Amino acid sequence: PERSQLRSFAYDLVQGFEIPQLKERADQTFSGLSKREREEQYLSIKMLSEHLVTLLHRNDRMGMMASIEARFPFLDEAIVKFAISLPVKYKIGLSSRFHNYKHPFLTDKWVVRKLAEKYLPPSLVNKQKNGFPMFGHKFLKVRSGFFSNGWVADSLGLRPNDIDYLIATQDPYFVAKLASVEIFGRLFAFKTTPDDLREHVMANAEVVT
């Protein structure tokens, strides 16, 4: 418990206590709502301050890298304020049908989908959210030596038996994504040369089709 509290405090410290203060302001703003509704409205604001910032950063970097002037829709200030103030029932709709494995009976972007029903075919209106899966990861098999004395183990405090357990029990796709993080850490934090890194990858991973 003490370690968990310390980790939580360190997170708040790095964020400049922005999140706890944001929670307090949200509770004050939506004080007239029930506790459950306040929590749900706070999630909208928290997503704007965290998740959206990350998406915009990635969008800008990828767009500029390809010399594309990319923009997200619906980010006009008036639209954002309107969307935040909407009751939760217009943001997320309850559904009796399986919609998404992450939230099986909840339909996201509810108000946008309802508006789209007037102009778009059902196949687009009810389309599930698609992420950006990395195709090659599902074919990558990683051995425990891949993480030994590496950046991930050092950052997370993983012991050799922790790494063995991770590889033996966790989803191989997740392990492969973690391997990408390991490569990034070795390259930019440990300053491993590309040639040495290539040799390490070849010795501790293989492509299985």
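This briefing describes the fold, helix packing, salt bridges and surface features of one protein chain. The structure is a predicted model. The chain has 209 residues, of which 21% count as buried. Its secondary structure consists of 12 helices and four strands.

**Overall architecture**

- The chain exposes about 16000 Å², and carbon and sulfur atoms supply 61% of that area.
- When contacts between residues at least 6 apart in sequence are considered, 52% of them join residues at least 24 apart.
- A search of the whole structure finds 12 salt bridges, and three of the pairs found are described below.

**Packing of helix H3 against H4 and H5**

- Two packed helices are described by the angle between their axes and the distance between the axes.
- Helix H3 spans residues 35-49 and helix H4 spans residues 51-65; their axes come within 3 Å and cross at roughly 30 degrees.
- Angles under 35 degrees count as roughly parallel, and H3 and H4 are therefore described as roughly parallel to each other.
- On the H3 side, the contact with H4 is made by Lys 46, Met 47, Leu 48 and Ser 49, while H4 contributes His 51, Leu 52 and Val 53.
- The axis of H3 also comes within 9 Å of the axis of helix H5 (residues 77-85), and the two cross at roughly 150 degrees.
- Angles over 145 degrees count as roughly antiparallel, so this term applies to H3 and H5.
- The residues of H3 that meet H5 are Gln 41, Ile 45 and Leu 48, and their counterparts in H5 are Val 80, Ile 84 and Ser 85.
- Leu 48 of H3 thus appears in the contact with H4 and also in the contact with H5.

**Salt bridges**

- Arg 113 and Asp 108 are joined by a salt bridge between their side chains, with an N to O distance of 2.9 Å. Both of these residues are buried.
- Salt bridges that share partners join Lys 23, Asp 27 and Glu 39 into one network.
- Within that network, the side chains of Lys 23 and Asp 27 meet at 3.0 Å, N to O.
- Lys 23 and Asp 27 both belong to helix H2 (residues 18-29), where they are four residues apart, about one turn of the helix.
- Glu 39, the other member of the network, lies in helix H3.
- Glu 39 and Asp 27 are separated by 12 residues in sequence and by 8.1 Å in space, C-alpha to C-alpha.
- Asp 27 has a relative accessibility of 27% and counts as partly exposed; Glu 39, with a relative accessible area of 33%, is also partly exposed.
- Glu 69 forms a salt bridge with Arg 71, and their closest N and O atoms are 2.6 Å apart. Both Glu 69 and Arg 71 are exposed.

**Nonpolar surface patch**

- Phe 74, Ile 79, Tyr 90, Val 111 and Val 112 make a nonpolar surface patch of about 430 Å².
- Tyr 90, one of the patch residues, lies in helix H6, which covers residues 88-91.
- The relative accessible area of Tyr 90 is 37%, so this residue is partly exposed.

**Loop residues with positive phi**

- Ser 67 is not a glycine, yet its phi is positive, at about 55 degrees.
- Ser 67 is located in the loop between H4 and H5 and is exposed, with a relative accessible area of 69%.
- Asn 149 is another residue other than glycine with a positive phi, near 55 degrees.
- The loop that holds Asn 149 lies between strand E3 (140-142) and helix H9 (151-156).
- Asn 149 has 76% relative accessibility and counts as exposed.

**Contacts of Phe 139 with residues 206 to 209**

- Phe 139 is placed in the loop between helix H8 (122-125) and E3.
- At 24% relative accessibility, Phe 139 counts as partly exposed.
- Not counting residues up to four places away in sequence, Phe 139 touches Glu 206, Val 207, Val 208 and Thr 209.
- Phe 139 and Glu 206 are 67 residues apart along the chain, and their C-alpha atoms are separated by 8.3 Å.

Note on methods
Residues are numbered from 1 along each chain as its sequence is written. This is a predicted model: local features need pLDDT of at least 70, side-chain atom pairs count only at pLDDT 80 or more; totals for chains, interfaces and linings use all residues. Side-chain values use heavy atoms; hydrogens and water are left out. Patches are made of residues with over 30% relative accessible area and no salt bridge: like charges are joined within 9 Å, nonpolar side chains (Val, Leu, Ile, Met, Phe, Trp, Tyr) within 5 Å. Accessible areas come from the Shrake-Rupley method with a 1.4 Å probe; for residues, only the protein chains shown count as cover. A salt bridge is a side-chain nitrogen of Lys or Arg within 4 Å of a carboxyl oxygen of Asp or Glu. Buried means under 20% relative accessible area, exposed over 50%, partly exposed in between (1.4 Å probe, protein chains only). Axes are lines fitted to C-alpha atoms, for helices over the stretch in contact, and angles run from 0 to 180 degrees between N-to-C directions. Angles under 35 degrees count as roughly parallel, over 145 as roughly antiparallel, 65 to 115 as roughly perpendicular and the rest as oblique. Contact means heavy atoms within 4.5 Å.
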